[in-house]
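Thank you for making the time this morning. I would like to go through one structure with you, sheet by sheet at the start, and then turn to side chains and to a pocket.

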Amino acid sequence: MCGIFAYVGNDNQSVLKAVRGLKDLEYRGYDSWGVAVKTPQGFFIRKETGKISNIPETDFEKHEGTMSIGHTRWATHGGVSAYNAHPHFNRDKSLVVVHNGIIENHDALREEIAAVFGNDVFRSETDTEVIPLLIDICMERGLSFENAFTEVCKKLHGRFAFVALHKDEPYMLAARDGSPLVMGLAEGEYFIASDTPAFLDYTNEVYFFDNGEYAKISKDAVTFFNLLSGNHVEKKKEKILWEKESASKGGHPHFMLKEILDQRELIENTVRLGGPAVSKAAQTLEKADNIFFTAMGTAAHMGMVGEYLFSRIAKKSVQAVYAAEFDKVLPFINKQSLVCGISQSGETADLLEAFKTTKKKGGKIMSVINVRGSSAERESFLSVPVNAGPERAVASTKAATAQFTILTLLAYALIGKRMQGEKKLTNASHAIKKWLTQELLIHISHIVETIKHNEDLYVIGKSVNYPIALEAALKIKEVSYIHAEGFAAGELKHGTLALIEKGTPCVVLVSNDEYKQDVLNAAQELKARGATIIGISPEAHPVFDHTIVTPDLENETPMALMISSQILAYYLATLRGLDPDKPRNLAKSVTVK
Ligand code: F6R
């Protein structure tokens, strides 16, 4: 939620770097944006609603200065407007701030500010605006910019990452307490961003900020400190292995399509790179008394998939729970519990909250993550990377398949059959690579042409295909805005059947397993009420009006069903004239509760 970018270095056109960096961070929020560059005349600030990707760089060329900050916003406090966009500033615009997170006590802080400066000082409805104004108060009382900055950090309740810049100081300050922040290190240049793709063009060497730390960055040096004690903190340089190329569209019209197609190589890769971490994790899982998978959204659906896989393959009981509903299982968390978070970004606020409460009760935390160095990984004593590479479209596709892969491997590893699992998954990977062709895309787009004007759609599946049905519906609604509902095939007769009318599109997920006939029977019931049946299955069945044929991958068939539904969602969005990469009201990384 919200992307921060900041630059300190020798490039006099630093604002262009900020604009480019923000374009790479737009997946984090895209309702408005803003930049500020420190020029000899003071700050040049520009803030607008809409997407920065539509703004030409030539607009900024004449604003020279070697220090810039920028922000792309996903509105929380205050509507979408230029005045609510960041950077926010103090009374005379001598200092500017960009922020990601939530300041929970901002009402009280506003009152404190109003008591000193009066009510007219506020120019926005945001929680962020209190930061520059509080720094202003502290500086007026005689504190240096740096001391004012740390004083203000101590007053803030909630979660934050923010960067502040003063027109008279040769350094920039950046702090983290709860929201992600990373610093890129190049020759004579420092980059600060919410996520690494913003500066991968320039460097892959980074320092990750830990919670409760701030950095003072000038042209020639950077120093990290503990926010509370003020003590100097020694940081370890880390290397990001992702290539910039893998975070680009690679010639495809949208990231979502590119990321769907990345799945041709994905499973094999995830298996190859994940082995050792999976074995280690399996040993821990084996010893745990009660295991919980927790996550949100797509990752939560993969947690539910994991619940089935552990039951079917490993005969191990696991409970999947939405991180936002974690309180439900809290009474059962103790020293013998293992809570496994599943998260692409590793920054989902509800997940981090679930981790916090688990720790308080003495439970162990592990995570299945994609983004290395993320908060979830840093909070876990053990993490298993899914190695899906950067996922830029808001809708998660390849990360979900990679999570599915790791959960399958974990289930096999638990019964001492990791190699067998690897073999099955590698075979599935090869079959998916052969199947995921241009012809398949065209075939699915033709099916979509026949249903794209419908406003309601249902997806059914049974066993592992039940969470896949939930996931298919989520994908369809988030990118196409069609009302889509996924449910267990057996639930059909218990209410939803009442909604089926002539021509209602129903997606039926069928594996070649012991549940096949049950699901086909449910499809028959839908058809009898006039539904148009889109079957996704290794083989055609007479009940289907349209069929998307997948390879038969036995236990791994649900992966192919899920990929098919991602393609279906992609075309439902694009053929309805929508941008699937940036769905309305959403952002990639949900760092607020
Ligand atoms: C849906 C989607 C979201 C995320 C959810 C969790 O396509 O992407 O539902 O899955 O916000 O995000 P992570 O996995 O980053 O914790």
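Before anything else, let me say that this is a predicted model, and please keep that in mind as we go.

In what order do the strands of the open sheet of five strands run, and is the pairing parallel or antiparallel? The order is 17-16-18-19-20, and the pairing is parallel. At the edges we find strand 17, residues 318–322, and strand 20, residues 382–385, and each of these has a single partner strand, so one side of each is left without a neighbour in the sheet. Going from one strand to the next, the twist averages 20 degrees. If you want one pairing to look at in detail, take strand 16, residues 290–295, and strand 18, residues 337–343, which are joined in the parallel sense over five bridges; there you will see Asn290 standing opposite Ser337 of strand 18.

Just after strand 16 there is a residue I would like to point out, namely Met296, which lies in the loop between strand 16 and helix 7, residues 297–314. Met296 is partly exposed, its relative accessible area being 28%. If we set Met296 against His77, the two are 219 residues apart in sequence, and their C-alpha atoms are 22 Å apart in space.

Let me move to another sheet, which is open and has eight strands, in the order 3-2-4-1-10-9-11-15, with antiparallel pairing. Its edge strands are strand 3, residues 42–49, and strand 15, each of which pairs on one side only. Within this sheet, strand 2, residues 32–39, and strand 4, residues 67–73, run antiparallel and are joined by six bridges, and Ser32 stands opposite Arg73 in strand 4. As a reminder for both sheets, strands pair through backbone hydrogen bonds, whether parallel or antiparallel.

Now to the aromatic side chains, where the count comes to 15 aromatic pairs. Why do we call the pair of Tyr214 and Phe225 stacked? The ring centres of Tyr214 and Phe225 are 5.0 Å apart and the planes stand at 25 degrees, and since planes under 30 degrees apart count as stacked, the pair is assigned to that class. This pair links distant parts of the chain, with Tyr214 in strand 12, residues 213–217, and Phe225 in strand 13, residues 222–226, eleven residues apart. Both rings belong to buried residues, with a relative accessible area of 5% for Tyr214 and of 16% for Phe225.

Elsewhere, Phe5, Tyr7, Phe191, Phe199 and Tyr202 form one aromatic cluster. There are also charged side chains placed over rings: Lys93 lies over the face of Phe89, at 4.8 Å from the ring centre, while Arg110 lies over the face of Phe122, at 4.4 Å from the ring centre.

Finally, the pocket. The largest pocket has a volume of about 790 Å³, and its lining comprises 44 residues, of which Trp242, Asn370, Val371, Gly389 and Pro390 lie nearest the centre. Which elements give two or more residues to that lining? They are strand 15, residues 238–239, helix 5, residues 255–261, and helix 6, residues 263–287. Helix 6 gives the most, with five residues. Strand 15, you will recall, is also an edge strand of the sheet of eight strands, and with that I am happy to take your comments.

Definitions and conventions
Residues numbered from 1 in each chain as written. Predicted model: local features only at pLDDT ≥ 70, side-chain atom pairs only at ≥ 80, totals over all residues. Heavy atoms only, no water. Phe/Tyr/Trp six-rings, centres within 6.5 Å; stacked < 30°, edge-to-face > 60°. Helix = DSSP H or I, 4+ residues; strand = E, 2+ residues; numbered from the N terminus. Buried < 20%, exposed > 50% of the residue type's maximum accessible area, 1.4 Å probe, protein only. Lys NZ or Arg CZ within 6 Å of the ring centre and 35° of its normal. Pairing = 2+ DSSP bridges. Axes fitted to C-alpha atoms, helices over the stretch in contact; angles between N-to-C directions. 1 Å grid on protein atoms, 1.4 Å probe; cavity = no way out; pocket = protein on both sides within 12 Å on 5 of 7 lines; lining within 4 Å. Points joined across faces, edges and corners; volume = space filled by probe spheres on them.
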